[in-house]
Amino acid sequence: MEIQLWREILSPYELAVDELVLKFRHIIDEYRKAGRYSPIEQVDGRVKTISSILDKMQRKKINVNEIEDELEDIAGVRLICQFVEDIDYVLEIIEKRSDMEIKRRKDYISHSKDSGYRSYHLIIYYEVNTIYGRKRLKAEIQIRTLAMNFWATVEHSLQYKYKGNIPDHVTTKLLRASDAIDVLDQEMSSVRDEIMDAQNSFQKKANTVSEILHTMQNLYKVANKHEVIKIQDEFYKIYETGDMESLEHFNKQLDIIAEGYRAQSIS
Ligand code: 0O2
């Protein structure tokens with residue numbers, strides 16, 4: 001097939017990956033801005049390379065004109081979670097969306113692959129709008145924990161190195177490592193609530209500090225400089241104590257001061 005034709009085929013998939021990555025990153029952002037724990041930790045996306053498509057076509061005996069029907073992972077998005085439990089929340093988020101329709105699920109977490117691979121896969125239908133009109137295409141979403149992702153990344157590089165024929169002694173070690181990853185995920189789950197609490201308070205503090213700094217920046221433009229410097233010193237003192245309640249109280253007081261200046265500028 002001509003290179004130009006490949007570009008035409010792959011272009012809507014590139015758009016789909018860009019849009020999906022943006023949408024999932026926005027979900028993380030929404031959670032964090034609301035001071036809540038995000039079940040998605042990290043988002044990656046890629047369009048399968050032409051050489052990887054050719055490899056898979058060869059492996060699965062797929063014709064050029066069947067590529068889009070038969071290859072369901074030309075567009076791929078990977079959602080990385082901190083804990084196994086988060087995967088169910090992510091699934092719920094996707095199930096509720098109107099712009100993604102689940103076609104197929106592959107649960108390699110309940111039943112890991114013979115290689116030791118663990119991950120939850122969804123094949124979704126997703127619609128993009130291009131200059132040629134609307135196109136409904138398929139995309140693969142892989143959902144897995146940080147630990148599962150570590151294993152899959154290492155194993156994938158070994159598959160590449162050994163061209164799919166990993167020696168037995170390495171396979172044995174990989175299977176053992178996969179079991180260890182499972183144990184690690186279970187151990188991490190047992191302290192999930194504690195870790196989530198810690199991360200939530202960290203996020204809340206970061207949000208409050210960012211609001212305070214934003215208001216102070218605005219005050220610099222309209223208020224008396226000496227007054228703002230006094231407010232700033234007060235902020236540093238409270239910040240050093242590390243007391244969250246005082247920081248939130250200070251934020252509210254600062255809002256009232258800023259509101260006063262806004263009222264003055266209107267009258
Ligand atoms: P690449 O290079 O990552 O793109 P099927 O649905 O069974 O007809 P398919 O499409 O192979 O066939 O589905 P499957 O098994 O769900 O695999 C889809 C993708 O999951 C793979 O894409 C890999 O990215 C990943 N994957 C599956 N099995 C393994 C594994 O044992 N180890 C690792 N590291 N990744 C795996 P590709 O196209 O095979 O590869």
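The following dialogue goes through a predicted model and asks what supports each label placed on it.

Biologist: What makes up the chain in terms of helices and strands?

Modeller: The chain has 9 helices and 5 strands. Read from the N terminus, the order is α-β-α-α-β-α-β-β-β-α-α-α-α-α.

Biologist: How do you know whether the chain matches a compact globule or departs from one?

Modeller: For 267 residues, a compact globule would have a radius of gyration near 18 Å, whereas the chain has 25 Å. The value does not match that of the globule. Along the principal axes, the C-alpha atoms occupy a box of roughly 75 × 50 × 30 Å.

Biologist: What share of the residues is buried, and what does the exposed area consist of?

Modeller: Buried residues make up 38% of the 267. The exposed area is about 16700 Å², and 51% of it comes from carbon and sulfur atoms. As for contacts with a separation of 6 or more, 64% are between residues 24 or more positions apart.

Biologist: Why is the contact between Arg104 and Glu72 called a salt bridge?

Modeller: The rule asks for a side-chain nitrogen of Lys or Arg within 4 Å of a carboxyl oxygen of Asp or Glu. For Arg104 and Glu72 the N to O distance is 2.5 Å, so the pair qualifies. The two residues are 32 apart in the chain, with Arg104 in strand β3 and Glu72 in the loop between α3 and β2.

Biologist: Are Arg104 and Glu72 buried or exposed, and what decides the label?

Modeller: Buried means under 20% relative accessible area, and partly exposed covers the range from there up to 50%. Glu72 has 11%, so Glu72 is buried. Arg104 has 36%, so Arg104 is partly exposed.

Biologist: What makes Arg118 and Asp182 a salt bridge, and which parts of the chain does the pair tie together?

Modeller: The closest N and O atoms of Arg118 and Asp182 are 3.6 Å apart, which is within 4 Å, so the pair meets the rule. Arg118 lies in the loop between β3 and β4 and Asp182 in helix α6, so the salt bridge ties together parts 64 residues apart in sequence. Arg118 is buried at 12% relative accessible area, while Asp182 is partly exposed at 27%.

Biologist: How do you know that Arg32 and Glu41 form a salt bridge?

Modeller: Their closest N and O atoms are 3.5 Å apart, so the pair also falls within the 4 Å limit. Arg32 has a relative accessible area of 29% and Glu41 has 28%; each value lies between 20% and 50%, so the label is partly exposed.

Biologist: How many salt bridges does the rule give, and which residues are linked in a network?

Modeller: The count is 15 salt bridges. Arg46, Lys48, Lys56 and Asp73 are linked in a network. The chain has 39 positive and 46 negative side chains, and the centres of the two sets lie 4 Å apart.

Biologist: Why is Glu155 said to have no salt bridge?

Modeller: The nearest side chain of opposite charge is Arg144, at 8.7 Å, whereas a salt bridge needs nitrogen and oxygen within 4 Å, so Glu155 is left without one. Glu155 is buried all the same. Its place is in helix α5, residues 146-161. Apart from neighbours within four places in sequence, Glu155 is in contact with Ser115, Ile166 and Leu174.

Biologist: What is noted about the phi of Lys61 and Lys163, and why are these residues called exposed?

Modeller: Lys61 has a positive phi of about 50° and is not a glycine. Lys163 likewise has a positive phi of about 50° and is not a glycine. Lys61 sits in the loop between α2 and α3, and Lys163 in the loop between α5 and α6. Exposed means over 50% relative accessible area. Lys61 has 71%, so Lys61 is exposed; Lys163 has 71%, so Lys163 is exposed.

Biologist: Where does Asn218 lie, and how far is Asn218 from Asp179?

Modeller: Asn218 lies in helix α7, residues 192-222. Asn218 and Asp179 are 39 residues apart in sequence and 54 Å apart in space, C-alpha to C-alpha. Asn218 has a relative accessible area of 30%, between the 20% and 50% limits, so Asn218 is partly exposed.

Technical notes:
Residues are numbered from 1 along each chain as its sequence is written. This is a predicted model: local features need pLDDT of at least 70, side-chain atom pairs count only at pLDDT 80 or more; totals for chains, interfaces and linings use all residues. Side-chain values use heavy atoms; hydrogens and water are left out. Helices (H or I, at least four residues) and strands (E, at least two) are DSSP runs, numbered from the N terminus. The radius of gyration is taken over C-alpha atoms; the globule rule is 2.2 Å times the number of residues to the power 0.38. Buried means under 20% relative accessible area, exposed over 50%, partly exposed in between (1.4 Å probe, protein chains only). Contact means heavy atoms within 4.5 Å. Accessible areas come from the Shrake-Rupley method with a 1.4 Å probe; for residues, only the protein chains shown count as cover. Lys and Arg count as positive and Asp and Glu as negative; His and the chain ends are not counted. The place of a charge is taken as NZ of Lys, CZ of Arg, CG of Asp or CD of Glu.
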